[in-house]
Protein chains: 2
Amino acid sequence: MSDVLRVTYQLTCRPDEDPEDKARGIALEQSAELPARCIPEHVYDQVVPTIECLEPLDSGAGRYRLVLDFPEAITGLEPTQLINNLFGNISLKSGIRLDEVTWTPNLLRTLGGPRYGVDGVRELLGIGRRPMTSTALKPLGLDTATLAGFCADFARGGIDLIKDDHGLCNQATSPFHERLLACQRAVNEANAETGGHSLYLPNVTAPQGALAERLDAAQEAGCRAVLICPFITGLDTLLWAREHYDMALMAHPAFAGAIAGAEHGIDPALLLGEMTRLFGADMVVYTNAEGRFPTYDQALCDRINDRLWRPLGAAAAGESAIRPALPTPGGGVDAARAPYWAERYGPDVVLLIGGSLYAQGDLVAAARRFQDVVERPEYAG
Amino acid sequence: MSDVLRVTYQLTCRPDEDPEDKARGIALEQSAELPARCIPEHVYDQVVPTIECLEPLDSGAGRYRLVLDFPEAITGLEPTQLINNLFGNISLKSGIRLDEVTWTPNLLRTLGGPRYGVDGVRELLGIGRRPMTSTALKPLGLDTATLAGFCADFARGGIDLIKDDHGLCNQATSPFHERLLACQRAVNEANAETGGHSLYLPNVTAPQGALAERLDAAQEAGCRAVLICPFITGLDTLLWAREHYDMALMAHPAFAGAIAGAEHGIDPALLLGEMTRLFGADMVVYTNAEGRFPTYDQALCDRINDRLWRPLGAAAAGESAIRPALPTPGGGVDAARAPYWAERYGPDVVLLIGGSLYAQGDLVAAARRFQDVVERPEYAG
């Protein structure tokens, strides 16, 4: 069965929809895209997914669990076609949610997962096992000197990973290259001063064409990690960045919510927790419970963490082991709650706190207080 | 007001949600991403969108129309940041639908729209004003010789635009380069034989890195148009392809339905009709009414057409006029209904029919019958 891609959907059927028809429709739509009678018999068996299971769910009337077995060959082992097979045309229908994928050994090898992963990011920082801190340079509209000043303050306060806000790109108020050099220098100088290890992560999210230029510049400037919005640039750019650059990748979820849906779309835990990891993210930002994004409740956050951490690809012989990645919960986390989250999520996490540090006024002191939390011996792994 | 990007959202508020709070939250989330009190005053005015209008909608309890005026500068005039500003972080909230954007002259210039547009595609085909035909090579799983044979048959039947099914990529059964050359040759030979003008459109959708290689190969093989899935590769790849290649772009909507939503997401007419056109698509495939995709009803299809055709950018002085693009309704259109759609949609359309031609058995005859419909004098413009 190693060349079979097993995919689970949750169907929500209207009263006039027959679940079996819907299931057969999905199988055809995601492969041959032709009425069954127009598909040559020898091709049918090789391309059309088989319905492995279709059963009603307890969760409510009209809900079904559909399991399809896709022949791996129809993906051509290409990440773009994989997304197309999983949720391309059926995205234009209704009541279909992509919930689970059992990746084949070949796909695991092709996608490959994080270059650094949990342990690799710690090595980049030169630290032992403990939660990590992250914060963001913001707001957009500030000039480079001010942003670089924040960067220096956060680094002096010991923050592990200091990233551009994902809304900072190449605005006239702080052009990308200018900010890259100024912030990287500010972090280097602060590190030299304090003996610290802070990293600056520029936001390299950019249109096709400019993306490579920004990643080149980041690598040349000595950055060891970058921020990217893969749901805007295309998930496959993660893979490409991992292969062409030796920097850890922090994925930002902007636009991901347009894709993830309750009754239609992709389960957010699969999308953010598993697909993003598999496509190469070392750190995955998501909107934590208790923050500004109530759609992401605690149960969902726990499911995302589980997907980022759990063993993937090592169970069966011939499969590549995919490194675990770092949950990076953010989106309005209160600095006062840092101990709670460090305790709850354990050492393999990056706590991302932005606004709540700025609100404290003295950034160095705010950063130090935050950093002191994660360095408490009780949170070490 | 020419540097103000006016954006309209539809809010769906839960009983415990205050619409004004929600509106203010969106304005901050999509710009500064900080609590208002942490934003320096001189920056606030320059980056945070102002609430131009917030009013209840007749359409139901809890629905509001929100109009935000964004300072254009925060987009940095970058297409990726534009998407982030329009629907980045708020995608992770609920009950927010992006409905309308009034583009600024600078954004219209930067995005630029189709290279060919309606008239340009007709010129590529060397035809007068009439509806155009399109069909797809399918199913995946067939070998190249068979697909090229279909291509020859469709070209002999006179089909204007013969495209790869969007699920054909680089599978072992028909590798991209082999298929490209065989299908392009088949179309050239058929054209030479019949005096016809059919074009073959290879599917260049591919992961970052391979995309350029496939577009290069298509251009070198003499293709004048290609198929791409911009909702998988990233919308910005349309812009890049338009700028770097002299080929018309047909956009396929695979995965678009994951983004477009009734209560949360992007209005499908804005997404498929306007954004795709503005980003450079000459032809936009969507799932037509009466086909396999009931979510797209006639009213929505009409709205998509309107967005693809209507004047854009020429009204105000200093704005670039954006060429109209070609609606390409497909997704299960019955060949017997071709006259109805030609009549209903008029001459500036590409009718895409796949399965219903294959179901007729004799592809040359089926293609000819379909082509004869659009060539009837009564449908000429």
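Hi everyone, this is a short tour of how the two domains of chain A meet and how chain A meets chain B.

Before we start, please keep in mind that this is a predicted model, where local features need pLDDT of at least 70, side-chain atom pairs count only at pLDDT 80 or more, and totals for chains, interfaces and linings use all residues. Residues are numbered from 1 along each chain as its sequence is written, while chains are lettered from A and ligands numbered from 1 in the order in which they are written.

Let's begin inside chain A. It splits into domain 1 (4–102) and domain 2 (117–379), with bounds from an automatic or database domain assignment. Their C-alpha centres sit 34 Å apart. In the contact between them, domain 1 of chain A supplies 13 residues and domain 2 of chain A eleven; two residues are in contact if their C-beta atoms, placed from the backbone, lie within 7 Å.

Which elements give two or more residues to the domain 1 side? They are helix H3 (79–87) and strand E4 (96–102) of chain A. Here helices (H or I, at least four residues) and strands (E, at least two) are DSSP runs, numbered from the N terminus. E4(A) gives the most, with six residues.

Now over to chain B. Here 67 residues of chain A are in contact with 67 residues of chain B. On the chain A side, the elements that each supply at least two residues include helix H2 (41–47), helix H10 (236–244) and strand E10 (265–266). The top contributor on that side is H3(A), with six residues.
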